[in-house]
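Colleague: Before I rely on this model, I would like to go through some of its local features with you. Could you take them one at a time and state the cut-offs as we go?

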Amino acid sequence: MVQILNGKEVARLYREKIKEKIKKYREQGLREPSLAVILVGDDAASKVYVNNKRKACAEVGIKSLFYHLPSDIDEKKLKDLLKQLNDDETVDGILVQLPLPKHIDTYSLISFIRPDKDVDGFHPENMGKLVSGLGLEKNYGEGFIPCTPLGIKILLDHYH
């Protein structure tokens with residue numbers, strides 16, 4: 001028997017759950033979660049992706065901080081911004097939109113993000129949890145799971 005898995009509908013339902021959870025946080029006097037998004041350069045596809053993330057944040061009640069940086073920024077300045085965001089306890093997650101310009105060492109930059117704030121789940125510690133099965137099955141410790149495998153798991157779980 002063929003069953004169509006409607007990802008858009010499952011995503012809508014999941015966003016509703018997140019929205020309700022954040023609403024309950026706010027009713028308890030807690031602050032809304034916040035996501036810092038860094039876009040380096042003017043890649044058209046990256047702009048669309050980032051704008052969609054910012055709209056999704058607004059829809060569910062997540063505060064979105066946006067940093068649009070020039071493509072010629074040097075790696076040290078990017079790391080300085082990441083250090084500031086890593087140290088800011090009001091920032092819950094950091095997303096550096098890829099691809100980065102060729103003069104920036106992507107691996108070094110991703111590794112510089114605190115694992116518990118790496119929303120893409122690309123930090124080596126978070127990837128290790130994913131590969132070992134600790135991230136998806138046991139939600140081991142702090143940190144994030146890469147969104148694509150997590151989205152697939154949510155979709156499959158929804159349809160059993």
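Colleague: In which loop is Pro99 found, and what is the omega of the peptide bond from Leu98 to Pro99?

Modeller: This is a predicted model, in which local features need pLDDT of at least 70 and side-chain atom pairs count only at pLDDT 80 or more, while totals for chains, interfaces and linings use all residues. Residues are numbered from 1 along each chain as its sequence is written, and side-chain values use heavy atoms, with hydrogens and water left out. Pro99 is found in the loop between β3 (93-96) and α4 (106-112), where helices (H or I, at least four residues) and strands (E, at least two) are DSSP runs numbered from the N terminus. The peptide bond that joins Leu98 to Pro99 is cis, with omega near 5°.

Colleague: Leu98 also lines the second largest cavity; how do the residues of that lining divide into nonpolar, polar and charged?

Modeller: A cavity is, on a 1 Å grid over the protein atoms alone, a set of points where a 1.4 Å probe fits but cannot get out, and its lining residues have an atom within 4 Å of a point; by this rule there are two cavities of 30 Å³ or more. The second largest has a volume of about 40 Å³, a volume being the space filled by probe spheres set on points that are joined across faces, edges and corners. Its lining consists of Leu95, Val96, Leu98, Ile110, Ile113, Asp118, Asp120 and Phe122. With Ala, Val, Leu, Ile, Met, Phe, Trp, Tyr, Cys and Pro counted as nonpolar, Asp, Glu, Lys and Arg as charged, and the others, Gly among them, as polar, the lining divides into six nonpolar, no polar and two charged residues.

Colleague: Is Val60 buried or exposed, and how far apart in space are Val60 and Glu32?

Modeller: Val60 has its place in helix α2 (residues 44-60). Because its relative accessible area is 7%, Val60 is buried, the classes being buried under 20%, exposed over 50% and partly exposed in between (1.4 Å probe, protein chains only). Val60 and Glu32 are 28 residues apart in sequence, and their C-alpha to C-alpha distance is 9.8 Å.

Colleague: What separates the C-alpha atoms of Phe144 and Val119 in space?

Modeller: Phe144 lies in the loop between α6 (134-138) and α7, and at 30% relative accessibility Phe144 counts as partly exposed. Phe144 and Val119 are 25 residues apart along the chain, and their C-alpha atoms are separated by 5.4 Å.

Colleague: How many salt bridges are there, and which residues do they join with Arg114 into one network?

Modeller: A salt bridge requires a side-chain nitrogen of Lys or Arg within 4 Å of a carboxyl oxygen of Asp or Glu, and by this rule the count comes to eleven. One of them joins Lys83 and Asp87 at 2.6 Å, N to O, and these two residues both lie in helix α3, four residues apart, about one turn of the helix. Salt bridges that share partners also form a network, in which Arg114 is joined with Glu89 and Asp116.

Colleague: Which residue forms a salt bridge with Lys79?

Modeller: The partner lies with Lys79 in helix α3 (residues 75-87), four residues away, which is about one turn of the helix. The closest N and O atoms of this salt bridge are 3.5 Å apart, and the partner of Lys79 is Glu75.

Colleague: Which residue forms a salt bridge with Lys47, and is that partner buried or exposed?

Modeller: Lys47 is itself partly exposed, with a relative accessible area of 32%. The closest N and O atoms between Lys47 and Asp42 are 3.6 Å apart. At 56% relative accessibility, the partner, Asp42, counts as exposed.

Colleague: Where is His160 placed, and what is its phi?

Modeller: His160 belongs to the segment after α7, and because its relative accessibility is 86%, His160 counts as exposed. Although His160 is not a glycine, its phi is positive, at about 55°.

Definitions and conventions
On a 1 Å grid over the protein atoms alone, a cavity is a set of points where a 1.4 Å probe fits but cannot get out, and a pocket is an open set with protein on both sides within 12 Å along at least five of seven lines; lining residues have an atom within 4 Å of a point.
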